[in-house]
Amino acid sequence: MRRPRLLYVPFWVTYLFLYTPIVVLVVMSFNSGDSPYSFEGLSLKWYGTLAGNANIRTGLVNTLIVAAGSTALATVLGTLLAVGLARYSRSRLLDALGVLPAVLPDLVLAIGLLVFYATVKMTLGLHSVLLAHTVFGMAFVTAVVRTRLTHTDTSLEEASRDLGATPLTTFVRVTLPQLAPGIAAGALLAFTLSIDEFVIAFFTAAPTSPTLPIVIYSMVRFGVTPEINALATLLLAVSFTVVIVAQRMTRLTESLS
């Protein structure tokens with residue numbers, strides 16, 4: 001039965017509403033004029049200006065340090081947590097607690113982490129942001145790897161143990177290869193979330209070590225410029241690329257199951 005074409009109208013209207021501002025932002029990043037609101041011609045000059053901005057370079061370096069470090073920690077801890085929940089626990093409460101940081105409002109998690117740092121008298125800096133991003137990044141890795149674990153063949157692990165392999169050898173040589181696509185997808189997701197995350201970084205970073213989203217926020221407070229549009233376009237490109245790769249890895253995980 002053929003569907004009426006009118007049913008597609010809300011679908012396309014929704015997509016236009018969501019993506020028109022993004023398209024406008026990308027187009028305005030190539031504006032040759034100084035105004036962010038009127039297009040005067042195509043130019044790459046704002047990308048050159050962006051490359052020469054010392055504050056943005058500093059923020060980018062800080063962001064990459066935090067994203068790389070938190071992704072590494074979140075991937076290791078999230079994978080171990082997912083395996084523990086799937087193989088050694090049958091508690092729905094523990095399953096929910098494992099992914100709770102992913103569903104908590106960022107503001108609640110940020111305030112909680114700030115209070116914790118103050119309680120243990122930890123100084124703020126890149127290390128505090130890195131640990132904070134590890135907390136919520138680990139929840140996403142756990143969720144992705146946990147999904148993959150539900151589709152793995154446990155008989156392979158049992159056969160490995162029956163043949164005399166130690167639990168560590170079984171985990172390294174049997175379990176991890178099966179989980180590799182899910183681990184990669186979770187790591188990519190944690191990385192892109194860390195790059196774009198603002199609220200938690202704003203509460204847990206020191207004034208002397210801002211991440212790139214904090215630098216953008218400080219620039220936007222004085223008005224949007226084509227330079228901001230160029231930076232946002234680059235961040236969009238990175239985010240879309242990583243998300244698409246993560247999605248492909250997730251589909252590979254499902255096809256392998």
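Student: How do the residues lining the largest cavity divide into nonpolar, polar and charged?

Tutor: Happy to start there! Keep in mind that this is a predicted model. In the lining of the largest cavity, five residues are nonpolar, four are polar and one is charged.

Student: How should I read a cavity in the first place?

Tutor: Here is the general idea. Rolling a probe the size of a water molecule over the atoms shows where empty space is left. In this structure, the count comes to one cavity of 30 Å³ or more, and the volume of the largest cavity is about 30 Å³.

Student: Which residues line the largest cavity?

Tutor: The lining consists of T63, V66, A67, H133, S194, I195, E197, A201, T211 and P213. You can select them in your viewer and look at the space between them.

Student: Which helix gives the most to that lining?

Tutor: Helix 3 does, with three residues. Helix 3 spans 54–87, and helix 8 spans 167–196; each of the two supplies at least two lining residues.

Student: Before we look at those helices, how many helices and strands does the protein chain have?

Tutor: There are eleven helices and zero strands. Along the sequence, the pattern reads α-α-α-α-α-α-α-α-α-α-α. As for extent, the C-alpha trace spans about 70 × 65 × 30 Å along its principal axes.

Student: At what angle do the axes of helix 3 and helix 8 cross?

Tutor: For a helix pair, read the angle and the axis distance together. The axes of helix 3 and helix 8 cross at roughly 140 degrees and come within 8 Å. Angles over 145 degrees count as roughly antiparallel, so at this angle helix 3 is oblique to helix 8. The crossing is right-handed.

Student: Which residues make the contact between helix 3 and helix 8?

Tutor: From helix 3 come T63, L64, V66, A67, A68, S70, T71, T75, T79, L80 and V83. Helix 8 brings F171, L176, L179, I183, A187, A190, F191, S194 and I195. By class, the contact has 14 nonpolar residues, six polar ones and no charged ones. You will recognise T63, V66, A67, S194 and I195 from the cavity lining.

Student: How does helix 6 pack with helix 8?

Tutor: Helix 6, residues 126–149, packs with helix 8 at an angle of about 150 degrees, and their axes are 8 Å apart. That angle is why helix 6 counts as roughly antiparallel to helix 8. This crossing is right-handed.

Student: Which residues of helix 6 and helix 8 are in contact?

Tutor: On the helix 6 side, they are H133, F136, G137, F140, V141, V144, V145, R148 and L149. On the helix 8 side, they are Q178, L179, G182, I183, A185, G186, A187, L189, A190, L193 and S194. The contact comprises 13 nonpolar, six polar and one charged residues. H133 and S194 also belong to the cavity lining.

Student: That leaves one pair. How far apart are the axes of helix 3 and helix 6?

Tutor: Their axes are 5 Å apart, and the packing angle is about 40 degrees. Helix 3 is therefore oblique to helix 6. The crossing of helix 3 and helix 6 is right-handed, and their contact includes 17 nonpolar, ten polar and two charged residues.

Conventions. Residues are numbered from 1 along each chain as its sequence is written. This is a predicted model: local features need pLDDT of at least 70, side-chain atom pairs count only at pLDDT 80 or more; totals for chains, interfaces and linings use all residues. Side-chain values use heavy atoms; hydrogens and water are left out. On a 1 Å grid over the protein atoms alone, a cavity is a set of points where a 1.4 Å probe fits but cannot get out, and a pocket is an open set with protein on both sides within 12 Å along at least five of seven lines; lining residues have an atom within 4 Å of a point. Grid points are joined across faces, edges and corners, and a volume is the space filled by probe spheres set on the points. Helices (H or I, at least four residues) and strands (E, at least two) are DSSP runs, numbered from the N terminus. Ala, Val, Leu, Ile, Met, Phe, Trp, Tyr, Cys and Pro count as nonpolar, Asp, Glu, Lys and Arg as charged, and the others, Gly among them, as polar. Axes are lines fitted to C-alpha atoms, for helices over the stretch in contact, and angles run from 0 to 180 degrees between N-to-C directions. Angles under 35 degrees count as roughly parallel, over 145 as roughly antiparallel, 65 to 115 as roughly perpendicular and the rest as oblique. A crossing is left-handed if the near helix is turned anticlockwise from the far one by less than a right angle, and right-handed if clockwise. Contact means heavy atoms within 4.5 Å.
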